[in-house]
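Biologist: Please show me the structure, and I will ask why each label is used.

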Amino acid sequence: AEDGIRDFCLSRGLGDVYKRQVQTAAASSCGRMLIRKCREANIPLVNIVRKASQIEELKKEGADIVLDSSSPSFEEDLAQHCKTLNITCAFEAVGGELAGKVFSALASGGTLYIYGCLSFEASRGISSWDVIFQGKKVEGLWITKWLMDTGLLTRLLIVTKLFREIRGSLRSKILRKFAVEEFEEALKFYESNSSDGKILIAPKIN
């Protein structure tokens, strides 16, 4: 969470830019974890969701700023928050046009870290103007590679911390459990409730 983000940014000479962030897919399990960790560390975080019904839900979890990407004023609101907070660090997991909109909203010198593609669409709208004249960048973030690039001691410390916080700020909501024989039903259920929590498929349901 915040330790990994800090180390990732500092290793690239980005100073304290990780202290102001924007994230897409904020209603996902990973997004909710980041909300809780940023709140603990007093890191301003702009959260982007895909429907209005998710705004109040995330605010109950401690999110201060939540924007609906389907809102007519979304791009204007996002740009204003990024300007006010001087946000130069974004974590993007959706792809498509949203990636370009977030990239455009970042302050000069900002970096868009792409770690997912939930829309199954290629990232679009990355402005050449922003890259050339605003010094912005796009980087891929694959947590497995990042972990392998760290030293053994660092990996052990990270795993130890994860186990310690797995029931706390890094917890995931388990929405429903399915038996292996119910795999098709589980898949259909997940497709309709992907933002509401995780599903577990187990050999035997107690």
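Modeller: Start with K198, in a model that is predicted. Not counting neighbours within four places in sequence, K198 is in contact with S29, S172, K173, I174, L175 and R176. The residue belongs to strand β8 (residues 198-202).

Biologist: What makes K198 partly exposed?

Modeller: The relative accessible area of K198 is 36%. Buried needs under 20% and exposed needs over 50%, so K198, at 36%, is partly exposed.

Biologist: How far apart are K198 and K173 in sequence and in space?

Modeller: They are 25 residues apart in sequence, and their C-alpha atoms are 6.0 Å apart.

Biologist: Why is Q23 called buried?

Modeller: Q23 has 2% relative accessibility. The limit for buried is under 20%, so Q23 counts as buried. Q23 is in strand β1 (residues 21-23). Leaving out residues up to four places away in sequence, Q23 touches G31, L34, I35, L45, V46, N47, I48 and F91.

Biologist: What makes the approach of the Q23 side chain to the side chain of N47 a polar contact?

Modeller: The distance is 2.8 Å. The cut-off is 3.5 Å between N or O atoms, one able to donate a hydrogen and the other to accept it, so the pair of Q23 and N47 counts. A polar atom of the Q23 side chain also lies 3.0 Å from the backbone oxygen of G31.

Biologist: V46 was among the residues that Q23 touches. Which residues does V46 contact beyond four places in sequence?

Modeller: V46 is in contact with Q21, V22, Q23, I65, L67, L78, H81, L85 and I87.

Biologist: Which members of the largest nonpolar core touch the most other members?

Modeller: They are V22, V46, I48, L78, V102 and L112, out of 20 residues in that core. At least two residues of this core come from each of β2 (45-49), β3 (65-68), α4 (74-85) and α5 (97-105). Helix α5 gives the most, with five residues. There is also a second, separate core of twelve residues, including I35, C38, L58 and V66.

Biologist: Why is the pair of W129 and F133 called tilted?

Modeller: The ring centres of W129 and F133 are 4.5 Å apart and the planes make an angle of 50°. Rings pair if their centres lie within 6.5 Å, and an angle neither under 30 degrees nor over 60 counts as tilted, so W129 and F133 form a tilted pair. The whole structure has three aromatic pairs. W129 and F133 are four residues apart in helix α6 (residues 128-133), so about one helical turn separates them.

Biologist: Are W129 and F133 buried or exposed?

Modeller: W129 has 54% relative accessibility, and F133 has 54%. Exposed means over 50%, so W129 counts as exposed, and so does F133.

Biologist: How do you know that the charged end of R176 sits over the ring of F189?

Modeller: The charged end of R176 is 5.1 Å from the ring centre of F189. The distance limit is 6 Å, and the charge must also be within 35 degrees of the ring normal. K136 lies over the face of F103, at 5.7 Å from the ring centre.

Biologist: How many disulfides does the structure hold?

Modeller: Zero.

Biologist: What are C82 and C117 called, buried or partly exposed?

Modeller: C82 has 0% relative accessibility, so C82 counts as buried. C117 is at 37%, so C117 counts as partly exposed.

How values were computed. Residues are numbered from 1 along each chain as its sequence is written. This is a predicted model: local features need pLDDT of at least 70, side-chain atom pairs count only at pLDDT 80 or more; totals for chains, interfaces and linings use all residues. Side-chain values use heavy atoms; hydrogens and water are left out. A nonpolar core is a set of buried Ala, Val, Leu, Ile, Met, Phe, Trp, Tyr and Cys residues joined through side-chain atoms within 4.5 Å. Buried means under 20% relative accessible area, exposed over 50%, partly exposed in between (1.4 Å probe, protein chains only). Contact means heavy atoms within 4.5 Å. A disulfide is a pair of cysteine sulfur atoms within 2.5 Å. Rings of Phe, Tyr and Trp (its six-membered ring) pair if their centres lie within 6.5 Å; planes under 30 degrees apart count as stacked, over 60 as edge-to-face and the rest as tilted.
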